[in-house]
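Me: Please work through the structure shown below with me, by question and answer.

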Amino acid sequence: MVVNITASPMQVVQFTYIKGADYTRVGENIEANVRDYELRPGELFVEANGPGGPVIDHLKVPSAVANAARFNTTKPSKQALLNNLVLCMEKGTLQYDRVQMPQLDRDLRASQWEGHTPDSTMALGIALHDTQGICRRDRGRMRKIQYWGGGAPAGPGGNRHPLTPAHWG
């Protein structure tokens, strides 16, 4: 996923859903985006405390970019990331093309339901981790986010998550 956080509103400009891929394939996807979007240190984030850790270790990108890419999550930080994502959606400071990115759209809609956070939703939360729900032009140009986790997107069901805006549904 690549997010342009300098645009107003911020834009998800690229999204690739890779399920069940090995570290090599995931790494190649990240490397291609680092090249294509000329990402610099602080513009690439990979969730490091999980399967993403080995991916970072084997990336063929400048070491400064790879070293800055490590993003560790905890239960409280995940909640803060999701709260910020909700704030961005509520304020209209984030856009993506539903037709071009149907998996992202499905995952964000699945996030409405308590107890389930799809990988791409978490990746988007990490991409926006320092935006505080607003567009900030001083924080870099593009961000490539790779969140590697398990689980398939879930469909609607259960209770609406109390922090999810109604317009997602």
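The exchange below moves from the overall fold to one helix and then to one loop residue.

Me: In what pattern do the helices and strands follow one another along the sequence?
Reply: The model is a predicted one. In it, the protein has six helices and six strands. Read along the sequence, their order is β-β-α-β-α-α-β-α-β-α-α-β.

Me: What percentage of contacts between residues at least 6 apart in sequence join residues at least 24 apart?
Reply: Contact here requires heavy atoms within 4.5 Å. Among contacts in the protein between residues at least 6 apart, the share joining residues at least 24 apart is 75%.

Me: Which residues of helix H4 are buried, and which helices are included in their cover?
Reply: Helix H4 spans residues 75-91 and reaches 25 Å from its first C-alpha to its last, close to the expected 24 Å. Its buried residues are Leu81, Leu82, Asn84, Leu85, Val86, Cys88 and Met89. The cover over these residues includes strands E2, E4 and E5, together with helices H5 (102-110) and H6 (119-127).

Me: Which residue follows H4, and what is its phi?
Reply: H4 ends at residue 91. The residue that follows is Gly92, and its phi is positive, near 70°.

Me: Why does Pro41 count as partly exposed, and what separates its C-alpha atom from that of Val65?
Reply: Pro41 lies in the loop between helix H1 and strand E3. Pro41 counts as partly exposed because its relative accessibility is 47%, and the partly exposed class lies between 20% and 50%. Beyond four places in sequence, Pro41 touches Ala64, Val65 and Ala68. Although Pro41 and Val65 are 24 residues apart along the chain, their C-alpha atoms are separated by 4.2 Å.

Key
Residues numbered from 1 in each chain as written. Predicted model: local features only at pLDDT ≥ 70, side-chain atom pairs only at ≥ 80, totals over all residues. Heavy atoms only, no water. Helix = DSSP H or I, 4+ residues; strand = E, 2+ residues; numbered from the N terminus. Expected span 1.5 Å × (residues − 1). Buried < 20%, exposed > 50% of the residue type's maximum accessible area, 1.4 Å probe, protein only.
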